[in-house]
Structure formats: structure tokens, C-alpha cells
Amino acid sequence: GHTYEYVFPQIYQSENATRDRMPAFFGITKILKVEVMHRVTDYYGPIVYSHFADPEARYMPNTQKEVYSAFFCELDTAVAVLSDYIVEHPGASEFARFDMLLDGDYDSWIKFANSLRLRLALHLAYVDETKAKSEAQLAIGNSYGLMNVKSDLAELQHITPIATYESPLYIL
């Protein structure tokens with residue numbers, strides 16, 4: 001319930017607000033959307049995804065195959081948008097003040113997207129081996145690479161440039 005009442009509406013609003021005006025943040029939103037929703041579909045199976053906020057579609061759920069296909073499209077968009085942004089704005093870090101996961105490093109966000117793609121591909125290995133293999137190859141073959149060393153981890157930062165953040169997940 002929390003995902004559809006709070007998280008997904010925020011993602012939906014963020015996509016709409018950033019699509020044309022803040023491409024880097026739009027790309028990050030796409031990655032976070034997949035990160036949040038892949039756990040939901042893995043747990044429940046069919047979910048409302050492409051028809052979210054579409055009353056005309058009567059909030060019909062997508063099959064898990066459709067959802068995974070949409071995930072890969074979302075990651076394609078995110079990687080393309082962030083890659084273009086990095087080329088057009090070398091050294092840009094305007095998101096760093098607010099990014100408690102990856103310090104606003106757009107290269108790291110692409111690595112995160114590639115690693116998420118690989119994770120999703122592995123989920124498909126027994127269901128659709130061909131699709132799993134092609135998605136895994138896309139993730140591995142991307143020039144930005146994967147999260148493969150400790151410094152690449154996407155983890156909640158305890159201390160940010162703005163303030164100390166006391167996350168209940170951080171405190172032992």
C-alpha cells in the first residue's frame with residue numbers, strides 16, 4: 001500500500017516535472033522507479049505499472065513480462081539521458097547536495113542502472129533465457145561499467161554535505 005500511496009505518486013510527479021527541464025534528474029528518477037517497482041512485481045507478480053494514474057485504463061495490472069519489458073525500456077531511457085547529459089555538461093554535479101546515495105555522480109548512476117539491468121536479467125534466466133542473455137550483455141557491455149568495487153556501492157550516506165542524516169536503517 002505504501003508504494004502505491006506514497007512512493008509511486010512521487011515518482012510519477014517527478015517524471016512529469018523533470019522530463020523536459022532537468023534531464024539528469026529525470027534519468028535518476030527512472031532508475032529509482034525500476035529499483036522500487038522490481039521488488040513489488042517480484043513479490044506480487046502482475047502489478048499496475050504502465051497504467052498508473054490512468055483512470056481510462058481502469059488501473060489494469062500489467063503482466064510480469066510486460067513490467068520487466070517496461071523496466072528495461074526505463075533503464076534504456078535513463079542511461080541514454082544521463083550519458084547525453086554527461087557529454088553535454090562535463091563535470092556537472094548540481095544534484096550532489098541532495099544525493100544521499102551516490103553523491104550526485106552521474107557516472108555512478110549509470111553504473112547503478114547497468115547493475116540493476118544485470119540483476120533483472122538474472123531474474124529472467126529461467127523464464128526467458130534469450131532476453132536475459134541480451135539484457136545481461138547490454139549491462140556488461142556498457143562503457144560506464146557495473147558496480148563492481150566497494151566504492152561503487154549505492155548506500156545511504158550517514159553524513160551529507162548539508163547535514164548529518166540519522167536513518168533508522170543506518171543506526172545499529
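**View A. Arg117 is a buried residue, at 4% relative accessibility.** Buried here is under 20% relative accessible area, exposed is over 50%, and partly exposed is in between, using a 1.4 Å probe and protein chains only. This is a predicted model, where local features need pLDDT of at least 70 and side-chain atom pairs count only at pLDDT 80 or more, while totals for chains, interfaces and linings use all residues. Residues are numbered from 1 along each chain as its sequence is written, and side-chain values use heavy atoms, with hydrogens and water left out. Arg117 pairs up with Glu135 in a salt bridge, and their closest N and O atoms sit 2.3 Å apart. The pair joins distant parts of the chain, since Arg117 belongs to helix H4 and Glu135 to helix H5 (residues 129-141), with their positions 18 residues apart. Helices are DSSP runs of H or I with at least four residues, strands are E runs of at least two, and numbering starts at the N terminus. Glu135 counts as buried too, given its 5% relative accessibility.

**View B. Glu15, Lys30, Lys33 and Glu74 share a network of salt bridges.** To count as a salt bridge, a side-chain nitrogen of Lys or Arg has to be within 4 Å of a carboxyl oxygen of Asp or Glu. By that rule, the model has eight salt bridges. In the Lys30 and Glu74 bridge, the closest N and O atoms are 2.6 Å apart. Lys30 comes from helix H2 and Glu74 from helix H3 (residues 64-88), distant parts of the chain that are 44 residues apart. Both partners, Lys30 and Glu74, are buried. Glu74 also bridges to Lys33, here with 2.9 Å between the closest N and O atoms. Lys33 is in helix H2 and Glu74 in helix H3, so this pair ties together parts 41 residues apart in sequence. Like Glu74, Lys33 is buried.

**View C. Ala78 of helix H3 sits against residues from elsewhere in the sequence.** Ala78 is buried, since its relative accessible area is 0%. Set aside the neighbours within four places in sequence, and Ala78 is in contact with Gly27, Lys30 and Ile31. Contact means heavy atoms within 4.5 Å. Phe26 is 7.4 Å from Ala78, C-alpha to C-alpha, although the two are 52 residues apart in sequence.

**View D. Helices H2 (residues 23-44) and H4 (residues 106-124) pack at about 25°.** Their axes are 11 Å apart. Each axis is a line fitted to C-alpha atoms, for helices over the stretch in contact, and angles run from 0 to 180 degrees between N-to-C directions. That angle makes H2 roughly parallel to H4. Under 35 degrees is roughly parallel, over 145 is roughly antiparallel, 65 to 115 is roughly perpendicular, and the rest is oblique. H2 and H4 have a left-handed crossing, meaning that the near helix is turned anticlockwise from the far one by less than a right angle (clockwise would be right-handed). Among the contact residues are Ile28, Ile31, Leu32 and His38 of H2, and Trp109, Phe112, Leu116 and His123 of H4. By class, the H2 and H4 contact has 11 nonpolar, two polar and four charged residues. Nonpolar covers Ala, Val, Leu, Ile, Met, Phe, Trp, Tyr, Cys and Pro; charged covers Asp, Glu, Lys and Arg; polar takes the others, Gly among them.

**View E. H3 and H4 pack at about 160°, with their axes 10 Å apart.** These two helices are therefore roughly antiparallel to each other. The crossing of H3 and H4 is left-handed. Aromatic names in the contact include Tyr68, Phe71, Phe72 and Tyr85 from H3, and Tyr106 and Trp109 from H4. Arg117 of View A turns up in this contact as well. The classes here come to 16 nonpolar, three polar and three charged residues.

**View F. Ala53 and Asp103 are worth a look for their backbone phi.** Most residues other than glycine have a negative phi. Ala53 is not a glycine, yet its phi is positive, about 65°. Ala53 is in the loop between H2 and H3, and its 33% relative accessibility makes it partly exposed. Asp103, also not a glycine, has a positive phi near 55°. The loop between H3 and H4 holds Asp103, which is partly exposed with a relative accessible area of 43%.
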